[in-house]
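Student: I should like to go through the classifications assigned to this structure and see how each one follows from its value. May we take them one at a time?

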Amino acid sequence: MNPRTLTPSISLLLAFEASARHQSYTRAAEELLLTQSAISRQVQALEDLLAVKLFLRTGRRIELTDAGKIYMREISYAISLIQNATLQAIIYRSGGGNFNLAVLPTFSAHWLMPKLHLFYATNPNVIIHMHSKIGSFDLEASGIDAVIGVSNKELPNLISHHLLDEELVLVISPILLKQHPIHSAVDLDGLLLLRVASQPNIWAKWLKACHVNLRNSYLGPTFELTSHLIQAITTGIGVGLVPRCLVEDEIQNGKLIIPFSFPYYSGRSYYFAYPVHKAHLPAIVTFRNWLLTLDHVNTKEN
């Protein structure tokens with residue numbers, strides 16, 4: 001098949017798309033600043049090229065054929081992609097654009113989102129499309145441009161920027177604390193110890209660091225999302241070890257309490273990372289530079 005048949009000119013496609021959307025050559029011509037006869041000729045040329053009837057014509061009325069409806073659905077989407085790509089090229093020089101960012105859902109809700117209005121206040125021309133992701137995944141296959149994740153080392157095969165270390169704090173609800181006062185790790189005896197699935201052994205590590213061996217405590221339910229763990233602790237189901245950066249608001253408003261101070265770092269850190277070939281995308285550069293100005297953020301690169 002002639003490649004030209006599979007790649008009609010953009011002028012023919014725009015004439016068809018506008019005509020199909022308006023169901024009128026006249027209105028399509030007004031939109032594209034052409035004459036009605038020019039639109040009609042371009043649609044006819046497209047039909048001749050494809051050897052497929054795209055419109056049924058009844059007097060001055062036009063109506064999509066079944067083939068035309070299928071073609072319209074695909075072409076309208078393709079044109080929107082081309083327009084978006086062109087827009088990105090135009091605003092590239094201004095440091096604008098958009099990108100797809102994968103973020104751990106709880107980190108996004110409790111750490112990033114409360115700060116994001118500050119970013120948009122000075123960078124309205126950068127649009128971040130947020131995606132919630134847990135665990136490892138293929139960035140390219142997922143259509144993701146950059147990621148904020150947590151790991152005990154820099155993310156492999158990516159340029160990684162260290163955001164903050166994961167400090168875990170023991171938190172409990174005020175109601176449960178009143179019923180079961182806690183002054184040290186020994187006082188956790190008899191309580192349900194809640195945890196997230198990604199760190200199943202965290203209590204054993206923490207208790208070892210505290211030099212404590214509990215006899216009557218019980219490992220409680222595990223949660224896939226840290227946000228669910230936080231909610232469970234808040235309702236008084238049990239106690240939990242939670243990244244401090246994710247419960248700052250709950251601690252300040254009194255929904256959660258740190259019963260005693262015991263600095264403990266899990267060995268994991270939060271990173272902003274992206275593939276090497278996307279290191280110079282203006283939107284990613286702008287967002288990276290803003291991230292690294294935030295408090296408690298340090299830079300490390302592969």
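**From values to terms**

Tutor: Let us start with Glu167, which counts as buried at 17% relative accessibility. The model is predicted.

Student: Why is Glu167 called buried?

Tutor: Buried means under 20% relative accessible area. Glu167 has 17%, so the term buried applies.

Student: What makes the contact of Glu167 with Arg244 a salt bridge?

Tutor: The rule asks for a side-chain nitrogen of Lys or Arg within 4 Å of a carboxyl oxygen of Asp or Glu. For Glu167 and Arg244 the N to O distance is 3.1 Å, so the pair meets the rule. Glu167 is in strand 6, and Arg244 is in the loop between strand 9 and helix 11 (248–252), 77 residues apart.

Student: Why is Arg244 called partly exposed?

Tutor: Partly exposed covers what lies between the limits of 20% and 50%. Arg244 has a relative accessible area of 28%, and therefore falls in that class.

Student: How do you know that Lys278 and Asp145 form a salt bridge?

Tutor: The closest N and O atoms of Lys278 and Asp145 are 2.5 Å apart, and the cut-off is 4 Å. The pair therefore qualifies. Lys278 is in the loop between strand 10 and helix 12 (282–291), while Asp145 is in the loop between helix 7 and strand 5, so that distant parts of the chain, 133 residues apart, are linked. Both Lys278 and Asp145 are buried.

Student: What makes Arg21 and Glu31 a link between parts of the chain?

Tutor: Arg21 forms a salt bridge with Glu31, with the closest N and O atoms 2.8 Å apart. Arg21 lies in helix 2 and Glu31 in helix 3, so the pair ties together parts that are 10 residues apart in sequence. Arg21, at 41% relative accessibility, counts as partly exposed, and so does Glu31, at 37%. Salt bridges that share partners join Glu17, Arg21 and Glu31 into one network. By the rule, the count comes to six salt bridges.

Student: Why is Tyr218 called exposed, and Tyr71 buried?

Tutor: Exposed means over 50% relative accessible area, and buried means under 20%. Tyr218 is at 52%, so it counts as exposed. Tyr71 has 19%, so it counts as buried. Tyr218 is in strand 8 (residues 218–223), whereas Tyr71 lies in helix 5 (residues 66–91). Tyr218 also makes a nonpolar surface patch of about 290 Å² with Leu192 and Ile237.

Student: What is noted about the phi angles of Gln23 and Ala51?

Tutor: Gln23 has a positive phi of about 55 degrees although it is not a glycine, and Ala51, also not a glycine, has a positive phi of about 60 degrees. Gln23 is in the loop between helix 2 (10–22) and helix 3 (25–32); Ala51 is in the loop between helix 4 (36–50) and strand 1 (55–58). Ala51 counts as exposed because its 70% relative accessibility is over 50%.

Student: Which residues of the lining are closest to the centre of the largest pocket?

Tutor: The largest pocket has a volume of about 800 Å³. Of its 41 lining residues, Leu104, Gly135, Ser136, Gly149 and Val150 are the closest to the centre. Strand 5 supplies the largest share of the lining, five residues. By class, the lining has 25 nonpolar, nine polar and seven charged residues.

Methods
Residues are numbered from 1 along each chain as its sequence is written. This is a predicted model: local features need pLDDT of at least 70, side-chain atom pairs count only at pLDDT 80 or more; totals for chains, interfaces and linings use all residues. Side-chain values use heavy atoms; hydrogens and water are left out. Patches are made of residues with over 30% relative accessible area and no salt bridge: like charges are joined within 9 Å, nonpolar side chains (Val, Leu, Ile, Met, Phe, Trp, Tyr) within 5 Å. Accessible areas come from the Shrake-Rupley method with a 1.4 Å probe; for residues, only the protein chains shown count as cover. Helices (H or I, at least four residues) and strands (E, at least two) are DSSP runs, numbered from the N terminus. Buried means under 20% relative accessible area, exposed over 50%, partly exposed in between (1.4 Å probe, protein chains only). On a 1 Å grid over the protein atoms alone, a cavity is a set of points where a 1.4 Å probe fits but cannot get out, and a pocket is an open set with protein on both sides within 12 Å along at least five of seven lines; lining residues have an atom within 4 Å of a point. Grid points are joined across faces, edges and corners, and a volume is the space filled by probe spheres set on the points. Ala, Val, Leu, Ile, Met, Phe, Trp, Tyr, Cys and Pro count as nonpolar, Asp, Glu, Lys and Arg as charged, and the others, Gly among them, as polar.
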